[in-house]
Amino acid sequence: MNGEEEFFDAVTGFDSDNSTGEFSEANKITGMIDLDTSKSTRSGKHGERSPQENGIQKHRTALPAPMFTRSDFSVWSILKKCIGLELSKITMPIAFNEPLSFLQRITEYMEHVYLIHRASNQSQPLERMQSVAAFAVSAVASQWERTGKPFNPLLGETYELIREDLGFRFISEQVSHHPPISAFYSEGLNQDFMFHGSIYPKLKFWGKSVEAEPRGTITLELLKHNEAYTWTNPTCCVHNVILGQLWIEQYGIVEILNHRTGDKCILHFKPCGLFGKELHRVEGYIQDKNRKKLFIMYGKWTECLWGIDPVSYESFKKQEKRGDHARKAKSDDAPEKVNSDVPGNMADDVPVAQETVQVIPGSKLLWRINSRPPNSAQMYNFTSFTVSLNELESGMEKTLPPTDCRLRPDIRGMENGNMDLASQEKERLEEKQREARKERAKEEAEWRTRWFSPGNNPYTGAPDWLYAGHYFERNFSDCPDIY
């Protein structure tokens with residue numbers, strides 16, 4: 001694969017196949033919410049790191065500055081000429097970003113890494129698949145209400161995260177720009193798992209919504225059991241990107257295959273539906289290699305996942321049909337919708353989330369989402385785990401490669417509330433990337449990835465990017481100068 005194509009910062013996670021669009025950040029940003037940058041240096045204020053407790057490093061609990069309001073910007077003025085076209089030449093104000101690289105957003109898969117550890121410690125394949133399925137659902141939970149777009153990684157950009165308290169280390173690299181491909185690799189500090197893959201989302205613009213279709217295989221290896229599981233994430237759709245209140249849904253079929261036993265988990269992330277009845281819901285089952293159903297799962301990707309044996313599930317459903325739920329819903333039973341106050345038919349009404357998951361007697365809880373911090377709404381709806389991802393601890397610059405996201409000045413500027421600086425740095429980095437590409441073209445030199453190499457997934461045979469090793473030996477002498 002060749003990552004040498006034209007560099008531009010198109011919408012990462014929402015990019016089209018041919019992402020070659022020009023970006024300019026001429027727009028000035030106004031309308032910041034409650035910004036007091038002087039607070040960012042106060043101990044305990046706006047995320048200043050606390051000292052270690054019992055040998056465990058405490059991470060910050062807030063960003064240095066709150067997010068900007070986006071109400072002063074009309075996405076419609078940007079997108080109206082792009083309906084039916086490739087989303088490759090769209091200029092988006094930086095106010096619609098969030099202060100993270102897409103590489104850091106991939107790292108959010110690891111927030112519920114305890115599910116992997118739990119799977120590794122379980123003796124039965126069926127129990128392990130239950131935990132792996134819960135992990136696959138939890139991996140998309142952080143996207144709930146996250147309507148800002150992450151920064152598109154620069155070619156050669158990297159991100160590492162080591163969490164001794166959570167028992168893993170993680171490394172990712174932007175290995176290609178055209179198409180945009182982000183490769184990642186994580187391993188348990190106790191050598192209990194390897195988790196790796198490459199992400200290549202494809203964008204579709206439907207006039208009122210943006211749909212990100214996932215591409216790339218995700219692989220989880222449980223080393224003690226000599227098992228490998230593979231799957232692909234569901235489709236993510238952001239509604240009302242032009243006018244109205246933004247809202248997100250995930251939908252599609254996710255199939256998780258245990259390559260050793262032949263067991264398969266089939267999860268159906270349900271689309272919202274006409275009255276929002278199925279919003280956020282996930283239903284599925286585990287079957288053996290002979291397609292016999294072994295276990296039923298249900299819940300919401302924004303809340304929790306439960307499981308129960310098929311006999312109890314079918315018994316409950318029969319009772320439900322005979323009981324109070326048999327009556328047909330009256331028209332006034334339909335959930336109300338939020339009036340978006342958008343004229344005409346430009347916006348999709350935001351569906352009202354239904355009552356929490358109805359737990360079937362005899363079910364067991366497989367996973368529940370972590371509570372978000374009380375100031376999450378002022379921090380781009382980040383989780384506590386996400387808030388810590390761009391934290392630059394004292395002395396870290398000496399151990400990180402010069403390509404790490406934490407050292408990227410446009411993201412750092414936005415995090416600190418300096419939007420003008422962030423816009424200027426974003427333009428400078430894009431131009432530097434273009435010039436570097438032109439120089440390589442003159443010299444007929446190909447871009448060389450540093451930590452990943454193209455190959456085939458060892459379990460599916462599909463094209464993939466494989467970790468080449470040696471990152472944590474920390475020889476960064478030949479890393480590219482991208483910032």
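Student: What makes glutamate 430 and lysine 426 a salt bridge?

Tutor: Their closest N and O atoms are 3.0 Å apart. A salt bridge needs a side-chain nitrogen of Lys or Arg within 4 Å of a carboxyl oxygen of Asp or Glu, so the pair qualifies. Keep in mind that this is a predicted model, where local features need pLDDT of at least 70 and side-chain atom pairs count only at pLDDT 80 or more, while totals for chains, interfaces and linings use all residues. Residues are numbered from 1 along each chain as its sequence is written, and side-chain values use heavy atoms, leaving out hydrogens and water.

Student: Where do glutamate 430 and lysine 426 lie?

Tutor: Both sit in helix H8 (residues 419–443), four residues apart, about one turn of the helix. Helices (H or I, at least four residues) and strands (E, at least two) are DSSP runs, numbered from the N terminus.

Student: Why is lysine 426 called buried?

Tutor: Buried means under 20% relative accessible area (exposed is over 50%, partly exposed in between, with a 1.4 Å probe and protein chains only). Lysine 426 has 2%, so the label fits. Glutamate 430 is buried too, with a relative accessible area of 2%.

Student: What makes arginine 408 and aspartate 410 a salt bridge?

Tutor: Their closest N and O atoms are 2.8 Å apart, which meets the salt-bridge rule. Arginine 408 is buried at 1% relative accessibility, and aspartate 410 is buried at 0%.

Student: Why can we say that glutamate 227 and arginine 128 tie together parts apart in sequence?

Tutor: Their side chains meet in a salt bridge (2.8 Å, N to O). Glutamate 227 lies in strand E10 (residues 227–231) and arginine 128 in helix H4 (residues 125–138), so the pair links parts that are 99 residues apart in sequence. By the rule, the count comes to 26 salt bridges.

Student: How do you know that strands E14 and E15 pair?

Tutor: Two strands pair if DSSP finds at least two bridges between them. E14 (residues 281–287) and E15 have seven bridges in the antiparallel sense, so they pass. One of the matches puts isoleucine 286 with phenylalanine 295 in E15.

Student: Why is E15 called largely enclosed?

Tutor: Six of the eight residues of E15 (residues 293–300) are buried, so the rest of the structure largely encloses this strand.

Student: How many disulfides does the structure hold?

Tutor: Zero! A disulfide is a pair of cysteine sulfur atoms within 2.5 Å. As for cysteines, cysteine 405 is buried, with a relative accessible area of 1%.
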